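Student: I am new to this structure and would like to go through it step by step. Could you guide me?
Tutor: Certainly; please have it open as we talk.
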There are 2 protein chains.
Amino acid sequence: MQTTPAATEQAPTSADSCSAPPPPHPRPDGRDSYTISEVVAFTGLSAHTLRWYERIGLMSHIDRSHTGQRRYNNRDLDWLGLVGKLRLTGMPVADMVRYAELVREGENTYDERRDLLVATRHDVLARIAELHDTLAVLDRKIAFYTEAGHGHAAERAG
Amino acid sequence: MQTTPAATEQAPTSADSCSAPPPPHPRPDGRDSYTISEVVAFTGLSAHTLRWYERIGLMSHIDRSHTGQRRYNNRDLDWLGLVGKLRLTGMPVADMVRYAELVREGENTYDERRDLLVATRHDVLARIAELHDTLAVLDRKIAFYTEAGHGHAAERAG
DNA sequence: TATGGCCTTCGAGCGCACTCCAGGCAAGCC
DNA sequence: GGCTTGCCTGGAGTGCGCTCGAAGGCCATA
């Protein structure tokens, strides 16, 4: 954020709020049991994806109704929230599965879990730095095109 | 960077410097013609990828030696630098190809190019914000595990 | 009873961004 | 000439993260 010389941070345009759909997480009300379609609504993930997460061990087995249907609880939703965040960092699903396994193994994996999160944290910092770099490049190019549009087209830009 | 209460920024561990290979861009010396393998060394991309970029129109046709081998020039390297940055933003290759086409079409596409870059800039800001969010989550969890490791394991964390 | 809707499982398919292979040519060196 | 190295081409293959389809179960409402 601080590396951007050009362009004050104007209020999000409509196009902007489009690009980031309003958080599909209106979240629970007071219950602790949700059907898969409710979780779809909360998380924005597809039912297929939710079932797939369970199959690959990214989620522990979900409670079932007497008819065998999945009933997600608030802890499951919390977990999905974390998974969503980790996904944003670009962490491979396999690594998230690893973390999930550590959680299932119990408290004696605290150290390993911490290490994993710390490593992820470093990655995130690195990605943020990269993005700031990129932002600087974009700002230079945008400035160029803005200049050029204002009349005197001069040097050529990629 | 500013959202991190826990964990002082210790010197990168060896594992860390591994995860981010030192910039594979020692860049040119004084020439303006490079073989594909030199470009591989500069960019860290594979020769396969470089040829593929050309095939799909992400790079304009590269000069050839009298024997038909590719000879990249400094402008090509600059372009690859930009492509590398855009790639970091998660921009799809197809969009980059679109931008490349605009560049090839000439100066009358300045406005459209600018629009595209501005849109990308918004995306980048959004991603940075997401990553800061994620960082906050990671820091909370890391703090929890650090606490817990120091003796009193209490509440349970995901 | 039947219709619709949402659920189940298993397994195949898809889109993206590469990645690799087979087969071949040209140049340089012994 | 023979060998190696480096590059060429077109096209097939890979890995990831979903995404979808087929075939069927359960159950509420008409």
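Tutor: Let us begin just after H5(A), where A:Gly106 takes a positive phi of about 110°. Please keep in mind that this is a predicted model.

Student: How many residues does helix H5 of chain A have?
Tutor: Helix H5 of chain A covers residues 93-105, which is 13 residues. From its first C-alpha to its last it reaches 18 Å, close to the 18 Å expected at 1.5 Å a residue.

Student: Which residues of H5(A) are buried?
Tutor: They are A:Met96, A:Val97, A:Tyr99, A:Ala100 and A:Leu102.

Student: And what do the buried residues of H5(A) pack against?
Tutor: Within chain A, they pack against helix H4 (74-88) and helix H6 (110-149). Helix H6 (110-149) of chain B is also among their partners.

Student: Let us turn to B:Arg127. Where is its place?
Tutor: B:Arg127 is in helix H6 of chain B.

Student: Why does B:Arg127 count as buried?
Tutor: B:Arg127 counts as buried because its relative accessibility is 18%, and the cut-off for buried is under 20%.

Student: Leaving aside neighbours within four places in sequence, what is B:Arg127 in contact with?
Tutor: In chain A, B:Arg127 is in contact with A:Leu88, A:Arg127 and A:Leu131. In chain B, its contact is B:Thr89.

Student: How many residues apart along the chain are B:Arg127 and B:Thr89?
Tutor: They are 38 residues apart along the chain, and their C-alpha atoms are separated by 8.0 Å.

Student: Changing topic to the DNA: which residues come nearest to strand D?
Tutor: Of the 18 residues around DNA strand D, the nearest are A:His48, A:Thr67, B:Ser37, B:Arg51 and B:Arg70. Sugar and phosphate make up 78% of the strand D atoms that come within 4 Å of the protein.

Student: What does the side chain of B:Ser37 lie 2.6 Å from?
Tutor: A polar side-chain atom of B:Ser37 lies 2.6 Å from a phosphate oxygen of DNA strand D. For B:Arg51, a side-chain N or O atom is 2.6 Å from a phosphate oxygen of this strand. B:Arg70 likewise has a side-chain N or O atom 2.6 Å from a phosphate oxygen of strand D.

Student: Which helices supply at least two residues each of the surface near strand D?
Tutor: Helix H3 (47-55) of chain A does, as do helix H2 (36-43) and helix H3 (47-55) of chain B. The largest share, four residues, comes from H3(A).

Student: How do the residues of that surface divide into nonpolar, polar and charged?
Tutor: Near DNA strand D, five are nonpolar, eight polar and five charged.

Conventions. Residues numbered from 1 in each chain as written. Chains lettered and ligands numbered in written order. Predicted model: local features only at pLDDT ≥ 70, side-chain atom pairs only at ≥ 80, totals over all residues. Heavy atoms only, no water. Near = heavy atom within 4 Å. Polar contact = N/O pair within 3.5 Å; in protein donor to acceptor, adjacent residues only side chain to side chain. Nonpolar A, V, L, I, M, F, W, Y, C, P; charged D, E, K, R; others polar. Expected span 1.5 Å × (residues − 1). Buried < 20%, exposed > 50% of the residue type's maximum accessible area, 1.4 Å probe, protein only. Contact = heavy atoms within 4.5 Å.
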